[in-house]
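Q: Can you walk me through how the labels on this model are earned?

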Amino acid sequence: MNHLIAGILDKIYDMTVFLNPTENSYHRFGSNKAPRYISWSGENRSQLVRVPAAVGEYRRAELRSADPSANTYLAFALIIHAVLDGIRNKLEPPVPADINLYKADEDTLSGFRKLPEDFKSACSAAANSNFIKKHIPDAILGIYCNQ
């Protein structure tokens, strides 16, 4: 599970435009229980990736940033590729952020990387990502980012 989480955290910035495909998607981040920071934990719902307190076959990880308007085929494809990258490269996640990021002070928050601030930033991240170029055709990226 650690490699799975690390793969997602490593690639999430680049693939955010496909999980949050509208301008309004970015207004949710940091409010209404939508995470703003690239983090993980099992402690609370302010994290991007949450591992609920379940054991055995019921253990799972939740990716909490995706917008309901996301194309599920593209979103799941990118998530699967990010997970596989984490497993293949034996990536390790950072230390779990066992704090409520909605209530944390600015000094604490400065230690976390943010998701893209807006749609334009997310498009730029995707357009400059080798990961996205490898898994998403230019034509699809162009449709998403009006290029």
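A: Sure, starting with the sheet: three strands make an open sheet in the order 1-2-3, with mixed pairing. This is a predicted model, where local features need pLDDT of at least 70, side-chain atom pairs need 80 or more, and totals for chains, interfaces and linings use all residues. Residues are numbered from 1 along each chain as its sequence is written, and side-chain values use heavy atoms, leaving out hydrogens and water.

Q: What makes strand 1 and strand 3 edge strands?
A: Strand 1 (40-41) and strand 3 (62-63) each have a single partner strand, so one side of each lacks a neighbour in the sheet. Strands are DSSP E runs of at least two residues, helices H or I runs of at least four, numbered from the N terminus.

Q: How do you know that strand 2 and strand 3 pair?
A: Pairing takes at least two DSSP bridges; strand 2 (residues 49-50) and strand 3 have two, in the antiparallel sense. Arg 50 has Glu 62 in strand 3 as its bridge partner.

Q: Why is the contact between Lys 11 and Asp 85 called a salt bridge?
A: The definition wants a side-chain nitrogen of Lys or Arg within 4 Å of a carboxyl oxygen of Asp or Glu. Here the closest N and O atoms are 3.6 Å apart, so the pair counts. Lys 11 sits in helix 1 (residues 2-19) and Asp 85 in helix 2 (residues 72-88), 74 residues apart.

Q: Why is Lys 11 called buried or exposed?
A: Buried means under 20% relative accessible area, exposed over 50%, partly exposed in between (1.4 Å probe, protein chains only). Lys 11 has 15%, so Lys 11 counts as buried.
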